[in-house]
Amino acid sequence: MIALKENGLITRTKIGIKKECKEFYTNLFASKSAISPPNIQPSSSSGIPAMLTSEVRHAIGQVETDKAPRKDGIEVELLKAGGATLWAALAAHFSKYMRELHVPRQWKESKTILLFKKGDKELLKNYRPICLLSALYKTFTKIILNRLTRELDEQQPREQAGFRAGYGTMDHIHIINQLLERCREYKMPLVLTFVDYEKAFDSIKINAVLQAIHCQGIADDYVALIQELNSSCSTDITLFYKPLHIPVARGVKQGDTISPKLFNAGLEEIFRKLNWSSSININGERVNHLRFADDIVIVGETIEEVKEMMRDLDRECARVGLRMNRSKTKWMKNHLVGEGAITTEPEALDDDGSYVYLGQEITMEHAISRKLSRRRKAAWTSYSTNSEAATNTNDPRLRAQLFNITVLPALLYRSETWSLTKADEQKLAVTERAMERRMLKVTRRDKITNECLREMLKVKDAVVEAAKNKHRWAGHVIRRDDGLEM
């Protein structure tokens, strides 16, 4: 990795890269302005119920395996193999930590690895810091999450579909598609703004999160426990064998299972302070925004009302440490909206004709051809990754399974919202048949019919699967009783 300085000068020396990395993440995790912690009154004898052995056993079963051990050298597999004796001992220790509202110092230390996302590899901001945490810590916070999930989810509105049981990316993709179709059908103006934040999980102030969960009815003892878990923390980032020690004074830990719920709570508190009256009426449902964790879509009928909503959101988010990424925040409008621009100080946002939202390309024309082109490219990328295994195996069952679980999902991602014509179905079929021939190492000159190809490979038919996905989603929407079917 090559670090890029803020002034545009690239440093290529080890010393320079480590210096830039330390400065970047020290600045990222530093608290920039003071937010007071919530006024909580933990009970003198903790009101948190003691931890049960069954809770420990259940949480250990939920923690992911095949992970490298952290500083303490304890693996999840070891915790699972420990059996009832170990689980009972852990339950006793965890109960003590909750009763005293004090956790081991080792739990506040972590190791961070940097995963490249996309864009310029020389920019540190294009890497996602993932926090590698102790298996014991993750088991402990998983138990806390299991206890608080229902209370936290009940505070979330329908607009938030991220990290919630019963919700997924398909919900918001469906709503966006319905907005596009209904506004075109009834000739309604539509403005969509896709808001992106710079390292949202790492930037939100922990005191703002604590205030949020306190206001949303979480008991003071649990708030105090979460405060203890997130105070005086630090992390190590290793670039050239020697770790860089970084103090962490804000953000929720990416890699901790409770972090998404805490972030959602903090974001919900922001939206509760926004007094938005503008919205679009679709079949009696008022819509002015959608949220999938930190992926936010602002919906409006005019540029002016969306501009005002963006200013309100930017102001409230900045107060808790969230900074809008203006280069990645885009907006679009249909032809019924007048001329204008959406600005957030100090510059105007780009008016793009398309935007990839939750993996699906969104355009005002709602063109299926662009979505299909994107999915076919994704399928070929997935096939290329697995082509060696798919072509070299002599087990037809294994080959079909490999294709069905890797290539087909990439080709049919969110096909539930597609309205395919015969020509579109033909494109899907041609793409799949080309892959089938490659797996069997045959060409058109071999005069093997499509039916024989399918019989030899026994892979699923993409066109049939797309229709099944659409029918299954239609049934899901019909059965919903929360008004989200639009």
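The lining of the largest cavity divides by class into eight nonpolar, six polar and four charged residues. In this count Ala, Val, Leu, Ile, Met, Phe, Trp, Tyr, Cys and Pro are nonpolar, Asp, Glu, Lys and Arg are charged, and the others, Gly among them, are polar. The model is predicted, and local features need pLDDT of at least 70, side-chain atom pairs count only at pLDDT 80 or more, and totals for chains, interfaces and linings use all residues. Residues are numbered from 1 along each chain as its sequence is written, and side-chain values use heavy atoms, with hydrogens and water left out.

## Cavities and pocket

Rolling a probe the size of a water molecule over the atoms shows where empty space is left. On a 1 Å grid over the protein atoms alone, a cavity is a set of points where a 1.4 Å probe fits but cannot get out; a pocket is an open set with protein on both sides within 12 Å along at least five of seven lines; lining residues have an atom within 4 Å of a point. Grid points are joined across faces, edges and corners, and a volume is the space filled by probe spheres set on the points.

Seven cavities of 30 Å³ or more are found in the structure. The largest cavity holds about 140 Å³ of space. It is lined by 18 residues, of which Phe 29, Cys 131, Asp 202, Val 248 and Lys 253 are the closest to its centre. Two or more lining residues come from each of strand 3 (109-116), strand 4 (127-132), helix 7 (200-203) and strand 6. Helices (H or I, at least four residues) and strands (E, at least two) are DSSP runs, numbered from the N terminus.

The second largest pocket has a volume of about 350 Å³. Of its 13 lining residues, Glu 64, Lys 138, Gly 255, Asp 256 and Thr 257 are the closest to the centre. Helix 5 and helix 10 (259-272) each give at least two residues to this lining, and the largest share, three residues, is that of helix 5. Seven residues of the pocket lining are charged, three are polar and three are nonpolar.

## Salt bridges

A salt bridge is counted where a side-chain nitrogen of Lys or Arg lies within 4 Å of a carboxyl oxygen of Asp or Glu. The rule gives 23 salt bridges. Three of them are listed here.

| Salt bridge | N to O distance |
|---|---|
| Arg 150 and Glu 154 | 3.2 Å |
| Lys 458 and Glu 455 | 3.1 Å |
| Glu 465 and Lys 468 | 3.6 Å |

Relative accessible area describes the setting of these residues: buried means under 20%, exposed over 50%, and partly exposed in between (1.4 Å probe, protein chains only). Arg 150 and Glu 154 are about one helical turn from each other, because they stand four residues apart in helix 5 (residues 135-154). Arg 150 is exposed at 66%, and Glu 154 is exposed at 54%. In the second pair, Lys 458 is exposed at 55% and Glu 455 is exposed at 53%.

Glu 465 and Lys 468 are three residues apart in helix 16 (residues 462-479), with about one helical turn between them. Lys 468 is partly exposed at 45%, whereas Glu 465 is buried at 14%. Elsewhere, Asp 312, Arg 315, Glu 316 and Arg 319 are joined into one network by salt bridges that share partners.

## Strands and helix 1

Strands of a sheet pair through backbone hydrogen bonds, either parallel or antiparallel. Two strands are taken as paired if DSSP finds at least two bridges between them. Five strands make up an open sheet in the order 10-11-5-12-15, with mixed pairing. Strand 10 (289-292) and strand 15 (350-351) are at the edges and have a single partner strand each, so one side of each is left without a neighbour in the sheet. Within this order, strand 5 (residues 191-195) and strand 12 (residues 330-333) run antiparallel and are joined by four bridges. Thr 193 is opposite Trp 331 in strand 12.

Strand 6 (residues 233-240) and strand 7 (residues 242-248) also run antiparallel, joined by seven bridges. Ser 234 is opposite Pro 247 in strand 7. The two strands form a hairpin with one residue between them, and Tyr 241 in the turn has a positive phi of about 75°.

Helix 1 (residues 14-29) has 16 residues and an expected span of 22 Å at 1.5 Å a residue, which agrees with the 22 Å between its end C-alpha atoms. The expected span is 1.5 Å times one less than the number of residues. Buried residues in helix 1 are Gly 16, Ile 17, Glu 20, Cys 21, Tyr 25, Leu 28 and Phe 29.
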